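Hi,

Here is the structure for you to look over. My notes on the aromatic rings, the charges beside them and one sheet follow below it.

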Amino acid sequence: MMLKNSFFLVILLIVFTSCDKNRVFDEYQAVGQSWHKDSLVSFVFNQKDTLSKHNLFITLRNNKNYPFNNLFLIVEIEEPSKNSLVDTLEYQMATPEGVLLGEGMTDTKENKLYYKENFVFKKPGEYRINILQAVRKTGKIEGIEKLEGVTDVGFRIEKAE
């Protein structure tokens, strides 16, 4: 019986580690049941590889309380030299019928949203990613104060194939 359990654990370990062989960095931060417009989500990581291409993703968990069809984000990547690049991004989060996009069988969906494709880090060292939500109602200047339905915000780096 002990041998059977050990074998099962080894198989599980192999399956879970081999499925994600391209992952370089993957981290989430919880924001509660809503994401406040002034709540900056930051990720810090050390990057040594300045030759390989990488795909960068914003990862997001949201639930049925998410009231919009799309999502606007302001994303800043700060290099070790303190230079930074800021992008305003838009992602579709639901179909026109209101069905949430993303992976998951429950009311919570996980979205893996492209940020940068085939990105090469210029310098080795510490990088910082800052993410703010910038959702606004149509025709309004002021942003949504609390974006309901977003529970976790993440950042992921994968080696490009």
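The search of the whole structure, which is a predicted model, turned up 10 aromatic pairs. One of them is Phe45 with Phe121. Their centres are 5.9 Å apart and the planes meet at 75°, an edge-to-face pair. The two rings come from distant parts of the chain, 76 residues apart. Phe45 sits in strand S3. Phe121 sits in the loop between strand S7 (109-119) and strand S8 (125-133). Phe45 is buried, at 5% relative accessible area. Phe121 is buried too, at 1%.

Tyr66 and Phe68 also pair: with 6.2 Å between ring centres and 75° between planes, the pair is edge-to-face. Both of these residues are buried.

Phe45 and Phe121 also belong to one aromatic cluster. Its other members are Phe25, Phe43, Phe119, Tyr127 and Phe155.

Two rings have a charged residue over the face. Arg61 lies over Tyr28, 3.6 Å from the ring centre. Lys112 lies over Phe57, 4.6 Å from the ring centre.

Now the sheet. Four strands form an open sheet in the order S3-S8-S5-S6. The pairing is antiparallel. Strand S3 (41-47) and strand S6 (84-92) are the edges, each pairing on one side only. From one strand to the next, the twist averages 20°.

How many bridges join S5 to S6? Nine, with S5 covering residues 70-78 and the two strands running antiparallel. Within the sheet, Glu76 stands opposite Val86 in S6.

Best wishes

Terms used: Residues are numbered from 1 along each chain as its sequence is written. This is a predicted model: local features need pLDDT of at least 70, side-chain atom pairs count only at pLDDT 80 or more; totals for chains, interfaces and linings use all residues. Side-chain values use heavy atoms; hydrogens and water are left out. Two strands pair if DSSP finds at least two bridges between them. Axes are lines fitted to C-alpha atoms, for helices over the stretch in contact, and angles run from 0 to 180 degrees between N-to-C directions. Rings of Phe, Tyr and Trp (its six-membered ring) pair if their centres lie within 6.5 Å; planes under 30 degrees apart count as stacked, over 60 as edge-to-face and the rest as tilted. Buried means under 20% relative accessible area, exposed over 50%, partly exposed in between (1.4 Å probe, protein chains only). A charge sits over a ring if NZ of Lys or CZ of Arg is within 6 Å of the ring centre and within 35 degrees of the ring normal.
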